[in-house]
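Visitor: Could you walk me through this one, and tell me how each label was earned?
Guide: Sure, ask away once you have it on screen.

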Amino acid sequence: MKKTYLLFCTVFFLQILYSQEPFIANAYLRNSTSLNGYWKYIVDPYENGFYNYRYEPFENLKPTGNGAFFTNAKRKDFADLVEYDFDKMDSLQVPGDWNSQKEKLYYYEGTVWYKKSFDYVKKDTKNRVFIYFGGANYETDIYLNGKKLGKHIGGFTPFQFEISHLLKEKDNFIIVKVDNKRTKEGVPTLNTDWWNYGGITRDVKLIETPETYITDYQIQLDVKNQNIISGKIKLSGTTKANTNVVLEIDELDIKQTFTTDKEGRINFKIKNNNISYWSPSNPKLYKVILRTHQDQVIDSIGFRTIEAKESTILLNGESIFLKGISIHEESPIKGGRSASIEDAIQLLEYAKSLGCNYVRLAHYPHNEHMVRMADKMGMLVWEENPVYWTIDWNNSKTYANAQNQMAEVIHRDKNRASVIIWSMANETPTSKARNKFLNQLLQFTRTKDSTRLISAALEIQEHPTLPNTKTIMDSFADAVDILSFNQYIGWYDGTPEKCATINWKINQNKPVIISEFGGGAKFGLHGIKEDRWTEEYQEFLYQENLKMLSRIEQLSGMSPWILVDFKSPRRVLPGIQDNFNRKGLISEKGEKKKAFFVLQNYYKSK
Ligand code: GCU
């Protein structure tokens, strides 16, 4: 009895924690008021602004008291004791991480409080107002005018809260507690090979909507018929039922009115024979308008189909080889977490100059600029959930967290033609608990979006009987649509010469993508090709790997590790790494290494 009650509480708690319905559809293009810019901050390693000296959360105390930073207390008179003052503090840029902005916060992992004051006059008093965050790493508590709005867990997906009931015309203050401490039960967990940038790392904005507004829609090509546009629309608000919604796609002569059911939902199919299909060589986006008598959203959507047929990937029914590269979300312009459209364009331009038609956004959902620019620039995209290495597989909170992050990125990007693959995980050790976790996540993803392919970056094994033969012995390989794996022959596994000795025995009749291979090189360091860290070693490694991988019959694509050298606290070799993983084909200063041209030539030949 006690056990069931506990389980019920956990699930109920997880429901509240992770259900921030309703979402706001197309927050990226909706009219909004930006709260980006300088925010005051307080570094609070002991979380002194959240807990009292008995480590009880101030939130649960009545009265809350002056100690709680989220009240933004000000000294009222001589006797009043207030031991903090946001307005006298230094500022941090939002969006942005704190590690690359402040030398003293370079290694900092813990809590930082942010405060922003603002005035806001609603366009219409009946309207609703939401505060929207593109993302904040990792655990975020949000307060408006001293009241708790809610909490979000996960560093790479958007979240929003309705603030209509708390908003004033003048002197509002939003206070955000961001804690990027790594935890065993976290997603990702304690150990990663990237810098754990903390902060409000993506855009913050206020979005005003009518009382009943368009909260969700997916408009894509029917998976079975390229001449059918099928979709779902959902309204939220008191007049969501029996409401007309007009769908307009001028260039396709589409203007149709649908009526919502009592739940405020519409499912539709529209036949059209004039669609110009989205592809890397034709990144055609259509202006799509959804309008009700109160609300309107305008989006730009490309129409394409993506399938896996036996060992081939079909884009719009035609076989395609994914000429890719892996990318971390780090600004190639100023370092630190990338957050701007300029960063996105720079990274995708680099990939274009390599001859890519595809990018793997590793190991977590990147900011929305990346997928919006991929749509515009004609770059196919792999998006990944940060289920990385040794996650706490048996922990239901950890699973709910991973599932929620998947739900949030699908909600944000399900109308992006560029996004073709959802990846469940990276390099996770096989076990019963892990398989259950990943299969559950895969099933959940299929229910949320049946139009895209599912994969995961798996690991290779030695073939049990065939010498010098690599294979995949992972039951999750049977569940995915695309079989992907990381392999480091020539770097962690021997030297480049070893490639010539390796055979591959892949039993699954599925498309194979090499999600990672590569080796480190310090730009400008030259020597013989046998000398690690030289550009010649990396060049040789690429030459040998590309020859070796071409021996895989089902090879349908690759995303070598990695486009640009990136920060990692695991990389400490002085004079070479200096906190950079040096497997980039381009240095952090934008300098192209010799291996860059090996891959560029290979893609030219493809
Ligand atoms: C792993 C991992 C990456 C890591 C890379 C490396 O395969 O997926 O996150 O950076 O190897 O060791 O460089």
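**Strands, cores and cysteines**

Guide: Let's start with a pair: valine 381 stands opposite valine 419 in β24. This is a predicted model, where local features need pLDDT of at least 70 and side-chain atom pairs count only at pLDDT 80 or more, while totals for chains, interfaces and linings use all residues. Residues are numbered from 1 along each chain as its sequence is written, and side-chain values use heavy atoms, with hydrogens and water left out.

Visitor: What makes β23 and β24 a pair?
Guide: Two strands pair if DSSP finds at least two bridges between them. Strand β23 (residues 380–384) and strand β24 (residues 419–426) have four, in the parallel sense, so they meet that definition. The names come from DSSP runs, numbered from the N terminus: H or I over at least four residues for a helix, E over at least two for a strand.

Visitor: Which strands close into the barrel, and in what order?
Guide: Eight of them, pairing parallel: β21-β22-β23-β24-β25-β28-β30-β31. Neighbours in this sheet are turned by 30° against each other on average, ignoring direction. Angles like that run from 0 to 180 degrees between N-to-C directions, with axes fitted to C-alpha atoms (for helices, over the stretch in contact).

Visitor: How do you know that β21 pairs with β31?
Guide: DSSP gives β21 and β31 two parallel bridges, so the pair just reaches the minimum of the definition. Leucine 322 is opposite glycine 557 there. On β21's β22 side there are four bridges, again parallel, with isoleucine 325 facing valine 359.

Visitor: What makes β21 mostly covered?
Guide: Six of its six residues are buried, and that word stands for under 20% relative accessible area (over 50% is exposed, partly exposed is in between; 1.4 Å probe, protein chains only). Leu322, Gly324 and Ser326 point one way, with Lys323, Ile325 and Ile327 pointing the other.

Visitor: Where does helix α3 lie?
Guide: α3 (residues 368–377) lies across β21, β22, β23 and β24, at about 160° to β23. Proline 365 sits in the loop between β22 and α3.

Visitor: Why is proline 365 called buried?
Guide: Its relative accessibility is 1%, so it falls under the cut-off. Its contacts (heavy atoms within 4.5 Å), leaving aside neighbours within four places in sequence, include Phe156, Arg202 and Glu383.

Visitor: Is asparagine 244 buried, exposed or partly exposed, and what is the value behind that?
Guide: Asparagine 244, in strand β13 (residues 244–249), has a relative accessible area of 43% and therefore counts as partly exposed. Among its contacts beyond four places in sequence are Thr257, Phe258 and Arg291.

Visitor: What makes a nonpolar core, and how many residues has the largest one?
Guide: A core is a set of buried Ala, Val, Leu, Ile, Met, Phe, Trp, Tyr and Cys residues joined through side-chain atoms within 4.5 Å. The largest has 82 residues; Ile325, Val387, Met424, Met558 and Leu599 have the most contacts inside it. Another core, of 30 residues, lies apart from it and includes Leu105 and Phe161.

Visitor: How many disulfides are there?
Guide: Zero. The term asks for two cysteine sulfurs within 2.5 Å. Cysteine 499's closest cysteine sulfur, in cysteine 356, is 20 Å away, so that is too far for a bond. Both cysteines are buried: cysteine 356 at 7% and cysteine 499 at 1%.

Visitor: How do you know the reach of helix α6 is close to what is expected?
Guide: The expected span is 1.5 Å times one less than the number of residues. For the 15 residues of α6 (535–549) that gives 21 Å, and the helix reaches 21 Å from first C-alpha to last. α6 is also mostly covered, with 12 of its 15 residues buried; β29, β30, β31 and α7 are among what covers them.

Visitor: What is the order of the open sheet, and which strands are its edges?
Guide: Six antiparallel strands run β3-β2-β4-β9-β6-β7. β3 (91–94) and β7 (147–153) are the edges, each pairing on one side only. Inside the sheet, β6 and β9 pair over six bridges, and threonine 140 has valine 178 as its bridge partner in β9.
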